[in-house]
Amino acid sequence: MKILVIGAEGQVGTFLLRELAGSHQVSGTSMNGVDNLPGLDIRDAGATKKYISEIRPQHVLLTAALTNVDQCEMEPALAEAINVQGAENIARACKAVDAGLTFFSSEYVFNGQAGPYSEEDSPEPESVYGRTKLAGEKVVAALLENHLIIRTTVVFSYLPGSLNFFMQLLNRASRGVPFTVPDDQIGNPTQAQNLAQALGELIETGCTGIYNLVGTTRIGRYDFAKKALDKLGYDPGMVKPVTTAELKQKARRPLVGGLKTGKAQAVLKSHKLWNLATALDHTMEQMKTG
């Protein structure tokens with residue numbers, strides 16, 4: 001299959017390129033032409049349509065987004081332009097060449113008061129980021145029959161240069177810097193390699209609609225941090241608990257969050273979703289191999 005990854009410079013995009021290249025003809029773009037990837041600004045409808053019409057992929061994976069939750073809150077127009085209008089531009093371009101589209105969404109489409117959530121639960125976002133992600137889901141679903149909406153959360157891996165939660169822990173612990181982590185946010189840590197593998201299987205089997213692709217362990221962020229530090233060989237006592245309210249962040253965070261994985265697990269045969277112990281083992285292997 002000819003697959004195009006939009007936003008291939010990010011963590012998820014990087015692993016999609018790695019994992020799918022062995023079985024498919026995969027190419028990627030970046031927002032600003034970094035990492036030897038061609039640049040594509042998805043806010044530009046004309047450029048987006050032109051690029052996709054020239055590449056003519058069979059399936060497009062849209063990982064590009066404004067994911068900084070607090071920045072979205074402070075710059076809602078920018079969040080709307082990238083996360084909603086950008087998604088619409090990609091969807092229309094896909095429709096023109098009869099390509100399928102995978103749109104990456106988030107557990108932030110829920111308010112985080114009664115998780116874990118299934119694909120059938122009604123979204124109720126409480127942040128600009130969550131609202132734009134939900135709007136992106138709706139525009140993709142309305143424009144394309146052949147679509148996948150992937151909801152995920154707390155994606156991590158060993159990837160130098162990335163700001164994912166695991167890399168933040170590693171960078172601070174390696175410098176001996178104590179730090180705080182909220183102890184009232186519950187979610188499902190998700191290994192980026194596993195996410196990419198599972199998505200590849202969903203695409204290959206022709207799945208459409210909404211799927212939760214997250215790790216199977218639902219755990220508080222503070223407890224996740226302690227387990228990761230212990231696995232890395234650092235003192236878990238380096239991380240100190242704090243409430244989300246104490247952090248005084250711009251955007252509201254889902255607290256009692258997390259996503260149910262039953263729908264995806266019932267479909268996946270070759271690449272089941274990992275629990276946290278397995279995910280951390282694979283992350284340690286990534287550290288060894290680079």
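Which residues do ring pairs link into a cluster? To find out in this predicted model, select Phe156, Phe165, Phe166 and Phe224, which ring pairs link into a cluster.

Within that group, keep Phe165 and Phe224 highlighted and note that both of these residues are buried. The centres of their rings lie 5.4 Å apart and their planes stand at 40 degrees, so the pair is tilted. Colour helix H6 (residues 165-174), where Phe165 lies, and helix H8 (residues 221-232), where Phe224 lies, and you will see that the pair ties together parts that are 59 residues apart in sequence.

A search of the whole structure finds five aromatic pairs. For another of them, select Phe110 and Tyr117, whose ring centres are 4.2 Å apart and whose planes are at 0 degrees, so this pair is stacked. Phe110 counts as buried at 1% relative accessibility, and Tyr117 is also buried, with a relative accessible area of 8%.

Next, step along the chain to Gly115 and Pro116, which are joined by a cis peptide bond with omega at about 5 degrees. If you display the surrounding backbone, you will find Pro116 in the loop between strand E4 (100-106) and helix H5 (128-143).

Now move to helix H1 (residues 11-20), where seven of the ten residues are buried, so the helix is largely enclosed by the rest of the structure. The buried residues to select here are Gln11, Val12, Gly13, Thr14, Phe15, Leu16 and Leu20. With Phe15 still selected, add Arg18, whose charged end sits over the ring of Phe15, 4.7 Å from its centre.

A charge over a ring can also be seen at Tyr211, where the charged end of Lys263 sits over the ring, 4.4 Å from its centre.

The last stops concern the backbone. Select Arg56, in the loop between helix H2 (45-55) and strand E3 (59-62), and look at its phi, which is near 50 degrees, a positive value in a residue other than glycine. Then go to Lys248, in the loop between helix H9 (244-247) and helix H10 (262-267), which has a positive phi of about 55 degrees although it is not a glycine.

Is Lys248 buried or exposed? With a relative accessible area of 73%, Lys248 is exposed, because that value is over the 50% cut-off.

Key. Residues numbered from 1 in each chain as written. Predicted model: local features only at pLDDT ≥ 70, side-chain atom pairs only at ≥ 80, totals over all residues. Heavy atoms only, no water. Phe/Tyr/Trp six-rings, centres within 6.5 Å; stacked < 30°, edge-to-face > 60°. Buried < 20%, exposed > 50% of the residue type's maximum accessible area, 1.4 Å probe, protein only. Helix = DSSP H or I, 4+ residues; strand = E, 2+ residues; numbered from the N terminus. Lys NZ or Arg CZ within 6 Å of the ring centre and 35° of its normal.
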